[in-house]
Amino acid sequence: MKFEQVELSSMLHNIMYNHLMRMIFGKRYYGEETDAKDAKEAKEFRETVAELLKFAGVTNKADYLPFLRWFDYQNLEKKLQNISNKFDAILSSLIHESRSRMQKVNTMIDHLLKLQESQPEYYTDEIIKGLVLSMLFAGTNTSTVTLEWTMSNLLNHPEVLKKAKDEIDTSIGQDRLLNETDLPKLVYLKKVVLETLRLYTSFYTKFYTYMLL
């Protein structure tokens, strides 16, 4: 039997970004199915996200030695401000596009813009952008890491993987991919995910604590 090493992290990361972007804006920015008309926009989004992730968790020495802020040691604050401006421009463009779209679709941004009409003092564009960023960055990494741990555990326990596979084949069949409406049927698979979360509780506690700080 021949074994192959497969790198899943980036693939899972891209899948989660696609799901979230489709839910929030109704767009797909990763993979071969990106619309041609959105190709440039998708490329800019991916590059900005990649640039932002480089600075995730970076230690700012000025937090420990405040005098370094006088001349922006490492040029870190300037770089972060530049990325922030890029992301703000992307989100502003997407909000404007959704607002001017004649035919509304069932996306998060359309619902928020509808609420903005009745409560403009609360659902400002800044609040909407903040909610979108929270969904993108808090939802993507946690979901991706959960999938990685789950896949790792299943591969290390072939008997559990077989049971999960048999449940999907029995409940869903092999003629199509499963979708959200199938989840209530997949009791064993849900327990696999819950067991993963139980086994690595300390990791998620540390992660969420870091996000909150």
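In this predicted model, the largest nonpolar core holds 23 residues, and Phe25, Phe45, Val132 and Leu136 touch the most other members of that core. Five helices, α1 (9–24), α2 (39–54), α3 (76–100), α4 (108–118) and α5 (125–156), each supply at least two of the core residues. Helix α3 gives the most, with five residues. The points below take up the core, the overall fold, the largest pocket and four individual residues.

**A residue of the core**

- Valine 132, one of the core members with the most partners in the core, touches Ile24, Phe25, Leu91, Met108 and Ile109, when residues up to four places away in sequence are left out.
- One of these neighbours, Phe25, is itself listed among the core residues that touch the most other members.

**The overall fold**

- The protein chain contains eight helices and zero strands.
- Read from the N terminus, the order of elements is therefore α-α-α-α-α-α-α-α, where each helix is a run assigned by DSSP.
- Of the 213 residues in the protein chain, 28% are buried.
- Among contacts with a separation of 6 or more, 57% join residues that lie 24 or more positions apart in the protein chain.

**The largest pocket**

- The volume of the largest pocket is about 1800 Å³.
- The pocket is lined by 32 residues, of which His19, Leu147, Leu178, Leu183 and Leu189 are the closest to its centre.
- Helices α1, α5, α6 (158–171) and α7 each supply at least two residues of this lining.
- By class, the lining comprises 19 nonpolar, seven polar and six charged residues.

**Residues of helix α5**

- Threonine 144 is located in helix α5.
- With a relative accessibility of 4%, threonine 144 counts as buried because this value is under the 20% limit.
- The side chain of threonine 144 reaches the backbone oxygen of threonine 140 at 2.8 Å.
- Leaving out residues up to four places away in sequence, threonine 144 touches Ser9, Leu12, His13 and Met16.
- Glycine 130 also has its place in helix α5.
- Glycine 130 has a relative accessibility of 33%, so it counts as partly exposed, the class between the limits of 20% and 50%.
- The C-alpha atom of glycine 130 is separated by 9.9 Å from that of aspartate 88, although their positions lie 42 residues apart along the chain as a sequence separation.

**A residue of helix α3**

- Isoleucine 83 has its place in helix α3.
- Its relative accessible area is 1%, so isoleucine 83 is buried by the limit of under 20%.
- Isoleucine 83 and leucine 52 are 31 residues apart along the chain, and their C-alpha atoms are separated by 6.6 Å.
- Apart from residues up to four places away in sequence, isoleucine 83 touches Thr48, Glu51, Leu52 and Phe55.

**A residue of helix α7**

- Threonine 196 is found in helix α7, which spans residues 187–199.
- Threonine 196 is buried because its relative accessible area, 2%, is under 20%.
- The side chains of threonine 196 and threonine 150 make a polar contact at 3.5 Å.
- Beyond residues up to four places away in sequence, threonine 196 touches Thr146, Trp149, Thr150 and Asn153.

Terms used: Residues are numbered from 1 along each chain as its sequence is written. This is a predicted model: local features need pLDDT of at least 70, side-chain atom pairs count only at pLDDT 80 or more; totals for chains, interfaces and linings use all residues. Side-chain values use heavy atoms; hydrogens and water are left out. Buried means under 20% relative accessible area, exposed over 50%, partly exposed in between (1.4 Å probe, protein chains only). A polar contact is a pair of N or O atoms within 3.5 Å; within protein, one must be able to donate a hydrogen and the other to accept it, and residues adjacent in sequence count only if both atoms are side-chain atoms. Contact means heavy atoms within 4.5 Å. A nonpolar core is a set of buried Ala, Val, Leu, Ile, Met, Phe, Trp, Tyr and Cys residues joined through side-chain atoms within 4.5 Å. On a 1 Å grid over the protein atoms alone, a cavity is a set of points where a 1.4 Å probe fits but cannot get out, and a pocket is an open set with protein on both sides within 12 Å along at least five of seven lines; lining residues have an atom within 4 Å of a point. Grid points are joined across faces, edges and corners, and a volume is the space filled by probe spheres set on the points. Ala, Val, Leu, Ile, Met, Phe, Trp, Tyr, Cys and Pro count as nonpolar, Asp, Glu, Lys and Arg as charged, and the others, Gly among them, as polar.
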